[in-house]
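Here is a short walk through one protein chain, written for someone who likes to see the numbers beside the picture. Have a look at the model first, and then read on.

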Amino acid sequence: MLAQENSLFAEATKTVQQLTDDDAIREACFRRDEQLALEAYFKSTIAQQEAALKQKDSEIAKKDSTIAEMSAEIAKLKAMLDSQ
């Protein structure tokens with residue numbers, strides 16, 4: 001091979017290999033950083049959605065309690081009307 005016969009070609013081959021490796025490493029690091037940022041975004045979004053659902057569940061529970069109280073009051077009032 002030419003690179004084996006000439007030290008200049010061997011050095012050039014080595015330099016090209018290092019530059020290619022650097023680019024590949026740089027690209028891999030960039031993709032990893034993108035992936036980590038995306039995962040952080042998903043975790044944050046999921047946490048926000050879970051908090052919103054928890055709040056809505058709390059509101060529904062309060063409304064269910066109010067409905068139960070009103071139903072009991074209605075039943076009591078109907079019983080009073082029936083007894084008259």
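A residue is called buried when its relative accessible area is under 20%, exposed when that value is over 50%, and partly exposed in between. By that rule, 1% of the 84 residues of the protein count as buried. Please keep in mind that this is a predicted model.

**Overall form**

What does the secondary structure consist of? The protein has two helices and zero strands. One of the helices is α2, which covers residues 7-83.

How does the radius of gyration compare with that of a compact globule? For 84 residues, a compact globule would come out near 12 Å, but this protein has 35 Å. The box filled by the C-alpha atoms tells its own story: along the principal axes, the dimensions are roughly 115 × 15 × 5 Å.

Two pairs of residues let you follow distances through the model. A72 and I60 are twelve residues apart in sequence, and their C-alpha atoms lie 18 Å apart in space. L77 and F9 are 68 residues apart along the chain, with 101 Å between their C-alpha atoms. Both A72 and L77 are found in helix α2. As for their surroundings, A72 has 48% relative accessibility and therefore counts as partly exposed. L77 is also partly exposed, because its relative accessibility is 42%.

**Surface and charge**

The protein exposes about 7800 Å², and 60% of this area is supplied by carbon and sulfur atoms. On the charge side, there are 11 positive and 16 negative charges, and the mean positions of these two sets are 9 Å apart.

**Salt bridges**

How many salt bridges does the structure hold? There are two, and here they are side by side.

| Pair | N to O distance | Separation in helix α2 |
|---|---|---|
| R26 and D23 | 2.6 Å | three residues |
| R31 and E27 | 2.9 Å | four residues |

In each case the spacing along the helix can be put in terms of turns. R26 and D23 are about one turn of the helix apart. R31 and E27 are four residues apart in helix α2, so about one helical turn separates them.

Are the arginines of these bridges buried or exposed? R26 counts as exposed because its relative accessibility is 52%, and R31, also at 52%, is exposed as well. Their acidic partners fall in the middle class: D23 is partly exposed because it has 45% relative accessibility, while E27, at 35%, is partly exposed too.

**An aromatic pair**

A search of the whole structure finds one aromatic pair. The partners are Y41 and F42, with ring centres 5.9 Å apart and an angle of 50° between the planes. Why does this pair count as tilted? Planes under 30 degrees apart would be stacked and those over 60 edge-to-face, so the rest, this pair included, are tilted. F42 has 45% relative accessibility, which means that F42 counts as partly exposed.

**Putting it together**

To recap, the model has two helices and zero strands, and its radius of gyration is 35 Å. The two salt bridges join R26 to D23 and R31 to E27, and the aromatic pair of Y41 and F42 is tilted.

Conventions: Residues numbered from 1 in each chain as written. Predicted model: local features only at pLDDT ≥ 70, side-chain atom pairs only at ≥ 80, totals over all residues. Heavy atoms only, no water. Salt bridge = Lys/Arg side-chain N within 4 Å of Asp/Glu carboxyl O. Buried < 20%, exposed > 50% of the residue type's maximum accessible area, 1.4 Å probe, protein only. Phe/Tyr/Trp six-rings, centres within 6.5 Å; stacked < 30°, edge-to-face > 60°. Rg over C-alpha atoms; globule rule 2.2 N^0.38 Å. Areas by Shrake-Rupley, 256 points an atom, 1.4 Å probe, with all protein chains shown as cover. Lys, Arg positive; Asp, Glu negative; His and termini not counted. Charge placed at Lys NZ, Arg CZ, Asp CG, Glu CD.
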